[in-house]
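Colleague: Before I use this structure, I should like to hear how its labels were assigned.

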Amino acid sequence: MTMLACVDVDYREDLTVAACVLFREWVDASEATHHVDGGPRAAEYEPGQFFRRELPHLLRVRALVTEPLEAIVVDGYVWLGQDKPGLGAHLHEALGRVVNAP
(Lines give C-alpha, C1' and ligand atoms only; values in the text may rest on other atoms or scores of the structure.)
Protein backbone atom coordinates (compact mmCIF):
# COMPACT_ATOMS: atom_id res chain seq x y z
CA MET A 1 0.00 0.00 0.00
CA THR A 2 1.31 3.45 -0.87
CA MET A 3 1.45 6.21 1.70
CA LEU A 4 1.07 9.97 1.67
CA ALA A 5 3.87 12.02 3.21
CA CYS A 6 3.76 15.48 4.77
CA VAL A 7 7.16 17.07 5.38
CA ASP A 8 8.34 20.19 7.17
CA VAL A 9 11.47 21.64 8.77
CA ASP A 10 11.97 23.29 12.17
CA TYR A 11 14.91 25.64 12.72
CA ARG A 12 16.59 25.62 16.10
CA GLU A 13 19.66 27.43 17.41
CA ASP A 14 22.07 24.50 17.10
CA LEU A 15 20.33 22.15 14.70
CA THR A 16 17.58 21.76 12.16
CA VAL A 17 14.86 19.15 12.60
CA ALA A 18 13.01 17.71 9.62
CA ALA A 19 9.88 15.60 10.03
CA CYS A 20 7.90 13.36 7.71
CA VAL A 21 4.43 12.27 8.79
CA LEU A 22 2.89 9.38 6.83
CA PHE A 23 -0.81 8.75 6.20
CA ARG A 24 -2.61 5.97 4.36
CA GLU A 25 -5.51 8.06 3.02
CA TRP A 26 -6.09 11.79 2.46
CA VAL A 27 -8.98 11.70 4.96
CA ASP A 28 -7.08 9.97 7.79
CA ALA A 29 -7.41 11.77 11.11
CA SER A 30 -4.17 10.34 12.52
CA GLU A 31 -0.78 9.35 11.25
CA ALA A 32 0.28 5.84 10.30
CA THR A 33 3.88 6.58 11.31
CA HIS A 34 6.49 9.32 11.20
CA HIS A 35 10.22 9.91 10.79
CA VAL A 36 12.35 12.67 12.31
CA ASP A 37 15.88 13.74 11.42
CA GLY A 38 18.04 16.15 13.40
CA GLY A 39 20.72 17.68 11.22
CA PRO A 40 23.11 20.59 11.12
CA ARG A 41 21.99 24.19 11.28
CA ALA A 42 20.15 25.33 8.18
CA ALA A 43 21.60 27.81 5.73
CA GLU A 44 20.53 31.41 6.16
CA TYR A 45 17.32 32.42 4.40
CA GLU A 46 17.75 34.03 0.99
CA PRO A 47 14.67 35.62 -0.63
CA GLY A 48 13.57 33.51 -3.60
CA GLN A 49 15.98 30.73 -2.57
CA PHE A 50 14.02 29.10 0.27
CA PHE A 51 14.75 25.67 -1.19
CA ARG A 52 18.46 26.07 -0.37
CA ARG A 53 17.52 26.30 3.31
CA GLU A 54 15.07 23.39 3.49
CA LEU A 55 15.86 20.95 0.69
CA PRO A 56 18.91 19.25 2.26
CA HIS A 57 16.92 18.54 5.41
CA LEU A 58 13.87 17.27 3.50
CA LEU A 59 16.05 14.92 1.50
CA ARG A 60 17.61 13.51 4.67
CA VAL A 61 14.26 12.80 6.32
CA ARG A 62 12.86 11.43 3.02
CA ALA A 63 15.75 8.95 2.95
CA LEU A 64 14.43 7.46 6.23
CA VAL A 65 11.11 6.53 4.61
CA THR A 66 10.95 2.92 3.42
CA GLU A 67 7.25 2.85 2.58
CA PRO A 68 6.22 3.47 -1.06
CA LEU A 69 4.78 6.96 -1.48
CA GLU A 70 1.93 8.27 -3.60
CA ALA A 71 2.58 11.96 -2.90
CA ILE A 72 4.66 14.32 -0.79
CA VAL A 73 3.07 17.48 0.65
CA VAL A 74 5.51 20.32 1.40
CA ASP A 75 5.02 23.44 3.48
CA GLY A 76 6.04 25.77 0.67
CA TYR A 77 5.32 26.70 -2.90
CA VAL A 78 5.85 24.30 -5.77
CA TRP A 79 6.14 27.22 -8.20
CA LEU A 80 6.97 30.86 -7.41
CA GLY A 81 5.93 32.01 -10.88
CA GLN A 82 6.17 31.00 -14.51
CA ASP A 83 9.41 29.06 -14.97
CA LYS A 84 10.46 29.90 -11.40
CA PRO A 85 10.59 26.71 -9.29
CA GLY A 86 9.85 26.77 -5.59
CA LEU A 87 10.63 24.27 -2.86
CA GLY A 88 8.20 21.63 -4.18
CA ALA A 89 9.62 21.72 -7.71
CA HIS A 90 13.19 21.54 -6.40
CA LEU A 91 12.26 18.56 -4.21
CA HIS A 92 10.62 16.85 -7.19
CA GLU A 93 13.77 17.38 -9.28
CA ALA A 94 16.08 16.22 -6.47
CA LEU A 95 14.07 12.98 -6.24
CA GLY A 96 14.54 12.40 -9.97
CA ARG A 97 10.94 13.45 -10.67
CA VAL A 98 9.79 10.28 -8.89
CA VAL A 99 8.01 10.40 -5.53
CA ASN A 100 9.33 6.95 -4.61
CA ALA A 101 13.00 7.81 -5.19
CA PRO A 102 15.24 6.37 -2.48
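Modeller: The following exchange takes the cysteines, then a helix, then a cavity.

Modeller: This is a predicted model, in which local features need pLDDT of at least 70 and side-chain atom pairs count only at pLDDT 80 or more, while totals for chains, interfaces and linings use all residues. Residues are numbered from 1 along each chain as its sequence is written, and side-chain values use heavy atoms, with hydrogens and water left out.

Colleague: Why does the structure hold zero disulfides?

Modeller: A disulfide is a pair of cysteine sulfur atoms within 2.5 Å. The sulfur of Cys6 has its closest cysteine sulfur in Cys20, 7.9 Å away, so this pair is too far apart for a bond.

Colleague: What makes Cys20 buried and Cys6 partly exposed?

Modeller: Buried means under 20% relative accessible area, exposed over 50%, and partly exposed in between (1.4 Å probe, protein chains only). Cys20 has 1% and is therefore buried; Cys6, at 30%, counts as partly exposed.

Colleague: Which residues of helix α2 are buried?

Modeller: In α2 (residues 87–94), they are Leu87, Gly88, Ala89, His90 and Leu91. Helices here are DSSP runs (H or I, at least four residues), and strands likewise (E, at least two), numbered from the N terminus. After α2 comes Gly96, with a positive phi near 70 degrees.

Colleague: What lines the largest cavity?

Modeller: Its lining consists of Ala5, Val7, Cys20, Leu58, Arg62, Ile72 and Leu91. By class, six of these are nonpolar, none polar and one charged. β1 (3–11) and α1 each supply at least two lining residues.

Definitions and conventions
On a 1 Å grid over the protein atoms alone, a cavity is a set of points where a 1.4 Å probe fits but cannot get out, and a pocket is an open set with protein on both sides within 12 Å along at least five of seven lines; lining residues have an atom within 4 Å of a point. Ala, Val, Leu, Ile, Met, Phe, Trp, Tyr, Cys and Pro count as nonpolar, Asp, Glu, Lys and Arg as charged, and the others, Gly among them, as polar.
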